[in-house]
Amino acid sequence: MELGAPHNTKNRSHKRILKAARELFLSRGFLSTTTRAIAERARVNEALIFYYFKGKQNLRWTVLQEMRESTRVIETIQARLQSRRPER
């Protein structure tokens, strides 16, 4: 096993859980999405959701924080692009 493999595996599982949760929360809604469905979509053991996030509420909060951060990055990029455009 190469050095750092457990950390890399954790990162992959963590990212897959976040991606699956985001997709399911958006398509089904928070209340209709189960941790089992998230685990199945992410191809991880359901216990990992509780290990990494302590529950569905914390997972939702993390997904929302990630989405807010992505929005801020996009807005920053758009503002910079706008400021570089020549006047017509």
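**A friendly note on surface contacts and salt bridges**

1. Let's start with L26. L26 is exposed, at a relative accessible area of 62%. Please keep in mind while reading that this is a predicted model. As for its setting, L26 belongs to helix α1, which covers residues 5–28.

2. L26 also has company on the surface. Together with L64 and M67, L26 makes up a nonpolar patch. The accessible area of these three residues adds up to about 270 Å². Since exposed means over 50% relative accessible area, the 62% of L26 puts this leucine in that class.

3. Now to the charged side chains. How many salt bridges does a search of the whole structure find? The search gives four, and three of the pairs are worth walking through here, namely E23 with K19, E23 with R41, and E69 with R72.

4. The pair E23 and K19 is a good place to begin. Their closest N and O atoms are 2.6 Å apart. Both residues sit in helix α1, and because they are four residues apart there, about one helical turn separates them. K19 is partly exposed, with 43% relative accessible area. E23 is partly exposed too, at 27% relative accessibility.

5. E23 has a second partner. Its side chain meets that of R41 in a salt bridge, with 2.8 Å from N to O. Here the two residues come from separate helices: E23 lies in helix α1 and R41 in helix α2 (residues 35–42), so this pair ties together parts that are 18 residues apart in sequence. R41 is partly exposed, with a relative accessible area of 41%.

6. Further along the chain, look at helix α4, which spans residues 56–84. There, E69 forms a salt bridge with R72, and the closest N and O atoms are 3.1 Å apart. What separates E69 and R72 within helix α4? The answer is about one helical turn, because the two are three residues apart. E69 counts as partly exposed at 40% relative accessibility, and R72 is partly exposed with a relative accessible area of 44%.

7. One last point brings the E23 contacts together. Which residues are joined into one network by salt bridges that share partners? They are K19, E23 and R41. On the model, you can trace this by starting at E23 and following its salt bridge to K19, then its salt bridge to R41.

Key
Residues numbered from 1 in each chain as written. Predicted model: local features only at pLDDT ≥ 70, side-chain atom pairs only at ≥ 80, totals over all residues. Heavy atoms only, no water. Patch = residues over 30% accessible without salt bridge, like charges linked within 9 Å, V, L, I, M, F, W, Y side chains within 5 Å. Areas by Shrake-Rupley, 256 points an atom, 1.4 Å probe, with all protein chains shown as cover. Buried < 20%, exposed > 50% of the residue type's maximum accessible area, 1.4 Å probe, protein only.
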